[in-house]
Amino acid sequence: MRLLGIPTVLDRLIQQAIAQTLTNIFDPCFSNNSFGFRPGRSGHDAVKQAKEYMNQGYKYAIDMDLEKFFDKVNHDILMHRVSKKIKDKRVLKLIRLYLQSGIMLNGIVVRSEEGTPQGGPLSPLLANILLDDLDKELEKRGHKFCRYADDCAPRRRVQVA
């Protein structure tokens, strides 16, 4: 079961505006191996890339998933990454407030000390910002991969025919 942080209509509008602006800043620097929640990219594109790797002779695939990734995001680390490119303290404060806005659990609002509330337009972009370091490290090590959202930690290894 995944807990959601569903924003109000006004918060959704503001988050969408922030996400659109930040996407223009961050997305061009993201890895070409990242396909989730990015403009002009899809799960189908990730599958096409994986097939291309197979055609190049790669014989093994590892199915990966970062368990509870969205629930465990460290706010300070994420905000540090965002602040490398975003200098407006008002925007940074607003993003942190959304991160800490919490969830409704049994009718009670529970404030978030970690994680990104899923259900709003800003969360997928923030996840990509944080996971970009992983993508860059995998590239530096020469790995061929296709990441879609938080699907990144070994689950099982299968041989590709």
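These are my notebook entries on a predicted model of one protein.

**Entry 1: overall build**

I began with the secondary structure, and I counted six helices and four strands in the protein. Following the sequence from its start, I wrote down the order of these elements as α-α-β-α-α-α-β-β-α-β.

Next I looked up the extent of the model, and I noted that the C-alpha atoms fill a box of roughly 50 × 35 × 25 Å when it is taken along the principal axes. I then asked how the radius of gyration of the protein compares with that of a compact globule of 161 residues. The protein has 17 Å, and because a compact globule with 161 residues would have a value near 15 Å, I recorded that the two agree.

**Entry 2: inside and outside**

For the inside, I looked up the share of buried residues, which comes to 37% of the 161 residues; a residue goes into this group when its relative accessible area is under 20%. For the outside, I noted that the protein exposes about 10200 Å², and that carbon and sulfur atoms supply 56% of this area.

I also looked at contacts between residues with a separation of 6 or more, and I found that 76% of them are accounted for by residues 24 or more positions apart.

**Entry 3: around strands E2 and E3**

Here I went to Gly107, which lies in the loop between strand E2 (103-105) and E3. Is Gly107 buried or exposed? Its relative accessibility is 60%, and because the cut-off for exposed is over 50%, Gly107 counts as exposed. I also checked Gly107 against Ala46, and although these residues are 61 positions apart along the chain, what I wanted was the distance in space, which is 39 Å between their C-alpha atoms.

I then moved to Ile108, which I placed in strand E3 (residues 108-110). Ile108 has a relative accessible area of 56%, so I listed this residue as exposed. Which residues make a nonpolar surface patch with Ile108? They are Leu105 and Val110, and together with Ile108 they make a patch of about 240 Å².

**Entry 4: Phe37**

My last stop was Phe37, which I found in the loop between helix H1 (9-26) and helix H2 (43-55). I noted its backbone in particular, as Phe37 has a positive phi of about 55 degrees although it is not a glycine. The relative accessible area of Phe37 is 46%, and because exposed needs over 50% and buried needs under 20%, I entered Phe37 as partly exposed.

Terms used: Residues numbered from 1 in each chain as written. Predicted model: local features only at pLDDT ≥ 70, side-chain atom pairs only at ≥ 80, totals over all residues. Heavy atoms only, no water. Patch = residues over 30% accessible without salt bridge, like charges linked within 9 Å, V, L, I, M, F, W, Y side chains within 5 Å. Areas by Shrake-Rupley, 256 points an atom, 1.4 Å probe, with all protein chains shown as cover. Salt bridge = Lys/Arg side-chain N within 4 Å of Asp/Glu carboxyl O. Helix = DSSP H or I, 4+ residues; strand = E, 2+ residues; numbered from the N terminus. Buried < 20%, exposed > 50% of the residue type's maximum accessible area, 1.4 Å probe, protein only. Rg over C-alpha atoms; globule rule 2.2 N^0.38 Å. Contact = heavy atoms within 4.5 Å.
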